[in-house]
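I opened this model to look up its strands and helices. My notes follow the display.

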Amino acid sequence: MLQSGDLCLCSGSVAQAGYEQLLAAASKAGFDGLSMWPYHYQSALSCGIGIKDMALMLDDYGLQLSEFDALITLIPGAEYEPPDDPMFKYGEQFFLDFAS
């Protein structure tokens, strides 16, 4: 579990990175954790990386997932699907306490 003072990467700063690129960059830069955007989740799935493997890869890189940023659809110009937006469900698969 992440603690107060742990350094977490906001994945929005590397939004176009693939899942493993994101983990490698965060680990190499000394971060303890990172957020994840739906793009990173979808990218991993499209590369054949399942949810269990995503979690194992986090461990392999010495990282923890701080949050799942599901509300990127509120960015100006983006379309938003109200309450049944499937992005909210992805955070549950990582056993996160919350998704933003």
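These entries cover the sheet, then the helix packing.

Entry 1, status. I note that the model is predicted.

Entry 2, sheet order. I looked up the strand order and found an open sheet of 3 strands, E1-E2-E3, with parallel pairing. I then asked which strands stand at the edges. They are E1 (8-9) and E3 (64-68); each has a single partner strand, so one side of each has no neighbour in the sheet.

Entry 3, pairing of E2 with E3. I looked up E2, which spans residues 33-36, and found that this strand pairs with E3 in the parallel sense over 4 bridges. Within this part of the sheet, I found Met 36 opposite Phe 68 in E3.

Entry 4, helix on the sheet. I checked H1 (residues 19-28) next and found that this helix packs on the sheet and touches E1 and E2. The direction of H1 makes about 150° with that of E2.

Entry 5, helix pair. I took H1 together with H3, residues 51-60; their axes come within 10 Å and cross at roughly 20°. Angles under 35 degrees count as roughly parallel, and H1 and H3 are therefore roughly parallel to each other. I recorded the crossing of H1 and H3 as right-handed.

Entry 6, contact residues. Which residues make the contact between H1 and H3? From H1 I listed Tyr 19, Glu 20 and Leu 23. From H3 I listed Met 54, Ala 55, Met 57 and Leu 58. I sorted the residues of this contact by class and got 6 nonpolar, no polar and 1 charged.

Note on methods:
Residues numbered from 1 in each chain as written. Predicted model: local features only at pLDDT ≥ 70, side-chain atom pairs only at ≥ 80, totals over all residues. Heavy atoms only, no water. Pairing = 2+ DSSP bridges. Contact = heavy atoms within 4.5 Å. Axes fitted to C-alpha atoms, helices over the stretch in contact; angles between N-to-C directions. Parallel < 35°, antiparallel > 145°, perpendicular 65-115°, else oblique. Left-handed = near helix turned anticlockwise from the far one by under 90°. Nonpolar A, V, L, I, M, F, W, Y, C, P; charged D, E, K, R; others polar.
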